[in-house]
Amino acid sequence: MATKPDYRFSFGPWNISEGADPYGPPTRPPQPFDWKLGKLKELGFDAMMFHDDDAVPDIDAKSPEQVRKEAKELRKKLDDAGLIAEIVAPRLWFSPMTIDGAYTSNDPKARRYAIDRSLQCVDIARILKCDLIVLWLAREGTYLRESKNCRRSLEYMVKAIDQMLDHDPKIRIAVEPKPNEPMDHAYLPTIGHALAVAPLTRDPKRVGCLVETAHAILAGLDPADEMEFAMAMGKLWSVHLNDQNGLKFDQDKPFGSNNLRQAFNQVRVLERNRYGSRGECVAFDVHSFRSTKIEHAVDHLANSRSTFLRLVHKVRSFDEAAAQKLIADRNYQALDQMVIEHLLGK
Ligand code: XUL
Ligand code: MN
């Protein structure tokens, strides 16, 4: 069998968080960016993910020159640490300008703000030597069906993507769909929706997607199938591995925490499609439990990586020939038990 790629791992500064939820304040002190970067390196990760304002905090209050200067300082920091920026994502859901949506707001000034900020995000990515922009379209959806128009919203999103593609001929865009939260309904809730947008843009080959485990589960879909569907089209440019216990708030649990078999199947499709061999990273969009003490503030990241690597081993040691025999015999009962016993181990 051909050798499989070694994986490169990443996470974002927001994945070391303080434990606040809508019902209570933080439970851990905030840590400075340099501390997080140090931990990333120490845990054996290779890359960091950024929102535009993770890279340049308080971005809206800064001049374009200042933003460029700070982005260059960050790039130096990453270079010195031997790390890369995996993605940059415009954080379009925090500003008072995007209360009623960003690209799809009913207010033309808000739509302009969202596009300008996205173009600036592309500039930051270029400075960080990163060619992948992730769009989690947090507020592109509705609280109230009658307040917006699906067709017009789709046109606005395509227009925004086109402007980003025009702005930099090298940039690629990965849409990260999520069906709900913060909105009641998102306009691009699944990978099928995200990938259907690509041919509407002016450079379809530069528009792909990112699958997040929890988001697929929230859409009632199987994350492994979402990933393999995207890979069949050559469009899976990143993943946010985590876990989710059914239809509730977005939990971002450690990878494998809720459903080890579903985690195994995600690793299995990544392996069999040689995910990572074209430079893709394995990112963990996970959060600590609120009860976590500061001394364990990065354990969920180390644990997710360790579970992933254990599952790579499980996938590689799975007896495919035996499985194929059972499939040919339509003995799915035995196949089911074979998977369970393999995961349980000796
Ligand atoms: C939100 C989410 C985001 C994106 C990056 O649910 O997953 O953190 O991954 O903007
Ligand atoms: Mn995510």
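The legends below describe close-up views of a predicted model.

**View 1. Coordination of the manganese ion (ligand 2).**
Four residues supply the protein donors of the manganese ion (ligand 2): Glu 176 and Glu 212 through OE, His 240 through ND1, and Asp 285 through OD. These protein donors lie 2.0 to 2.2 Å from the ion. The site of the manganese ion (ligand 2) is octahedral, with 6 donor atoms and angles of 78 to 170° among them. Along the sequence, the spacing of the donor residues follows the pattern E-x35-E-x27-H-x44-D. Glu 212 and His 240 link distant parts of the chain, being 28 residues apart. Glu 212 belongs to strand S8 (residues 207-212), whereas His 240 belongs to strand S9 (residues 236-241). Glu 212 has a relative accessible area of 2%, and therefore counts as buried. His 240 is also buried, at 2% relative accessibility.

**View 2. Surroundings of ligand 1.**
The residues around ligand 1 include the aromatic side chains of Trp 14, Trp 93 and Trp 136. His 51, His 215 and His 240 are also part of these surroundings. Glu 176, Lys 178, Glu 212, Asp 250 and Asp 285 complete the list. Among these residues, Glu 176 places a polar side-chain atom 2.7 Å from an oxygen atom of ligand 1. For Asp 285, a polar side-chain atom is found 2.9 Å from an oxygen atom of ligand 1. In the side chain of His 215, an N or O atom is 3.0 Å from an oxygen atom of the ligand. On its own, ligand 1 has 290 Å² of accessible area, of which the protein covers 93%. Glu 176 and Asp 285, shown here beside ligand 1, are also protein donors of the manganese ion (ligand 2).

**View 3. Pairing of strands S2 and S3.**
Strand S2 (residues 47-51) pairs with S3 in the parallel sense, over 5 bridges. His 51 stands opposite Ala 89 of S3, and His 51 is one of the residues surrounding ligand 1. Strand S3 (residues 84-89) is mostly covered, with 5 of its 6 residues buried.

**View 4. Strand S6 and its partners S4 and S8.**
S4 and S6 run parallel and are paired over 4 bridges. Ile 133 has Ile 173 in S6 as its bridge partner. S6 is also joined to S8 by 3 bridges, again in the parallel sense. There, Val 175 is partnered by Cys 209 of S8. In a regular strand, side chains alternate between the two faces of the sheet.

**View 5. The cis peptide bond before Pro 182.**
Glu 181 and Pro 182 are joined by a cis peptide bond, with omega at about 10°. Pro 182 sits in the loop that runs between strand S6 (172-175) and strand S7 (185-186).

**View 6. Positive phi at Lys 129 and Arg 274.**
Lys 129 is a residue other than glycine with a positive phi, near 60°. Its place is the loop between helix H4 (108-127) and strand S4 (132-135). Lys 129 counts as exposed because its relative accessibility is 52%, the cut-off being over 50%. Arg 274 is likewise not a glycine, and its phi is positive at about 55°. The loop that holds Arg 274 lies between helix H9 (260-272) and strand S10 (282-284). At 32% relative accessibility, Arg 274 counts as partly exposed.

**View 7. The side-chain contact of Ser 288 and His 300.**
Ser 288 lies in the loop between S10 and helix H10 (299-316). With a relative accessible area of 10%, Ser 288 is buried. Its side chain makes a polar contact of 3.2 Å with the side chain of His 300.

**View 8. Lys 77 and Leu 37.**
Lys 77 is part of helix H3 (residues 64-81). The relative accessible area of Lys 77 is 36%, so this residue is partly exposed. The C-alpha atoms of Lys 77 and Leu 37 are 9.3 Å apart in space, while the two residues are 40 residues apart in sequence.

Technical notes. Residues numbered from 1 in each chain as written. Chains lettered and ligands numbered in written order. Predicted model: local features only at pLDDT ≥ 70, side-chain atom pairs only at ≥ 80, totals over all residues. Heavy atoms only, no water. Donors = N, O, S within 2.8 Å, 3.2 Å for Na, K, Ca; no water. Tetrahedral: all angles 85-135°; square planar, octahedral: opposite > 155°, others 65-115°. Helix = DSSP H or I, 4+ residues; strand = E, 2+ residues; numbered from the N terminus. Buried < 20%, exposed > 50% of the residue type's maximum accessible area, 1.4 Å probe, protein only. Pairing = 2+ DSSP bridges. Near = heavy atom within 4 Å. Polar contact = N/O pair within 3.5 Å; in protein donor to acceptor, adjacent residues only side chain to side chain. Areas by Shrake-Rupley, 256 points an atom, 1.4 Å probe, with all protein chains shown as cover.
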